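Subject: Structure for your files

Hello,

Here is the structure I said I would pass on. Please look it over before reading my notes underneath.

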Amino acid sequence: MKRIGNLYEKVIAIDNLKLADEKARKGKLHSYGVQQHDKNREANILALHESLKNGTFKTSQYHVFTIFEPKERQICQLPYYPDRILHHAVMNILEPIWVSVFTHDTYSCIKERGTHACAMSVKKALRKDPVGTKYCLKIDVRKFYPSINHEVLKGVVRRKIKDGRLLALLDEIIDSNINTDIPIRNFVTDPNTGELVATSLNGVPIGNYLSQYFANLFLAYFDHWLKEEKRVKYYWRYADDIVVLAPDKESLHALLRDIRAYMKRLQLKVKRNHQVFPVDARGIDFLGFVFYHDHTLLRKSIKQNLCRRVAKLNKRKKQPTKAAYKQAICSWWGWCKCSDSIHLFDKLSKSFPYEIKFNRTKRAL
């Protein structure tokens, strides 16, 4: 595979940093970080350029907090300036290079390859080949982001990039959680002293803009292995959620053993809740939908959340405006439009204080 160099100067160019600033601020114009940065915007960009040019840039301290919905996660947040601007500047140059590495079955954090694009691909395969998609293997990686080994990730990055200064910058960003309480260390017993010794530093912080791309890249060559060496025809990966379809369950159980062995080389583990099952009996719970061969439903938890939101809106003493009401349910509305949930929405719409028209998406699954 051809490795690419001469990228660092493109990353740190003033024009690229300004473009990164414009991209990073989208939807965040009233945030504290953007407002503080705008007080000395030009000077800040020049200062960032000089620190990168001189090789003195260091990642800022993370602000770490915990969220509990949809499940408990530790989120690591960097300041808008200089870190988020720099991360966008890096991706301005590296995104097309890294996307070229991904297979067509890789989704999440890739332009035009989001939830609905992946869902449409799954549904198309189910409808087109009911026999070849009779059984499903569904797995995900145990503690994926915290388990990504830094040295293995650096090796993956170096399979496509050879610019020494850019690699040093990426290494600094990858190792930037060393001084926080984020890292998970692997330990072995020193045969001489009997003490536990840290052998590697794991984990990329959830919330770091570059982490989502590092995570995708970390499994990119696993995708190629599945498609090119194992000859898997029906395969989708959304971050660390993986679905494989096949005409028989024996081949899926054999494939699962090979996947476990490959993941072990990456120092990852497949969760114990892996499933091999007939599609028509249970449906494929993936991406917030439940897929069958002839129809697509919403995941139960999403339906419940939609019904609860509608009930809360209807119980408010001060009734929201029609625009505010639609805004409050628009995300669930989108789920309904892309599934066979017209009857659910029709039933709920009878309780709406306003007439809200339900239009099926032109890209219906």
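Below is what I found, from the overall fold down to single side chains.

Please keep in mind that this is a predicted model.

Overall: the protein has 365 residues, and 47% of them count as buried. Its secondary structure consists of 16 helices and 12 strands. Along the principal axes, the C-alpha atoms occupy a box of roughly 65 × 55 × 45 Å. If one takes the contacts between residues at least 6 apart in sequence, 69% of them join residues at least 24 apart.

Surface and charge: about 19,700 Å² is exposed, with 51% of that area supplied by carbon and sulfur atoms. The protein carries 65 positive and 37 negative charges, and the mean positions of the two sets lie 6 Å apart.

Aromatic rings: the structure contains 11 aromatic pairs. One of them joins Phe 289 and Phe 291, with ring centres 5.8 Å apart and 50° between the planes, which is a tilted arrangement. Phe 289 counts as buried because its relative accessible area, 0%, is under the 20% cut-off. Phe 291 is also at 0% relative accessibility and therefore counts as buried. Elsewhere, ring pairs connect Phe 222, Trp 225, Tyr 235 and Tyr 262 into a cluster.

Charges over rings: two cases are worth listing.
- Arg 159 places its charged end over the ring of Tyr 221, 3.8 Å from the ring centre.
- Arg 282 lies over the face of Phe 277, and the distance to the ring centre is 4.4 Å.

Regards

Terms used
Residues are numbered from 1 along each chain as its sequence is written. This is a predicted model: local features need pLDDT of at least 70, side-chain atom pairs count only at pLDDT 80 or more; totals for chains, interfaces and linings use all residues. Side-chain values use heavy atoms; hydrogens and water are left out. Helices (H or I, at least four residues) and strands (E, at least two) are DSSP runs, numbered from the N terminus. Buried means under 20% relative accessible area, exposed over 50%, partly exposed in between (1.4 Å probe, protein chains only). Contact means heavy atoms within 4.5 Å. Accessible areas come from the Shrake-Rupley method with a 1.4 Å probe; for residues, only the protein chains shown count as cover. Lys and Arg count as positive and Asp and Glu as negative; His and the chain ends are not counted. The place of a charge is taken as NZ of Lys, CZ of Arg, CG of Asp or CD of Glu. Rings of Phe, Tyr and Trp (its six-membered ring) pair if their centres lie within 6.5 Å; planes under 30 degrees apart count as stacked, over 60 as edge-to-face and the rest as tilted. A charge sits over a ring if NZ of Lys or CZ of Arg is within 6 Å of the ring centre and within 35 degrees of the ring normal.
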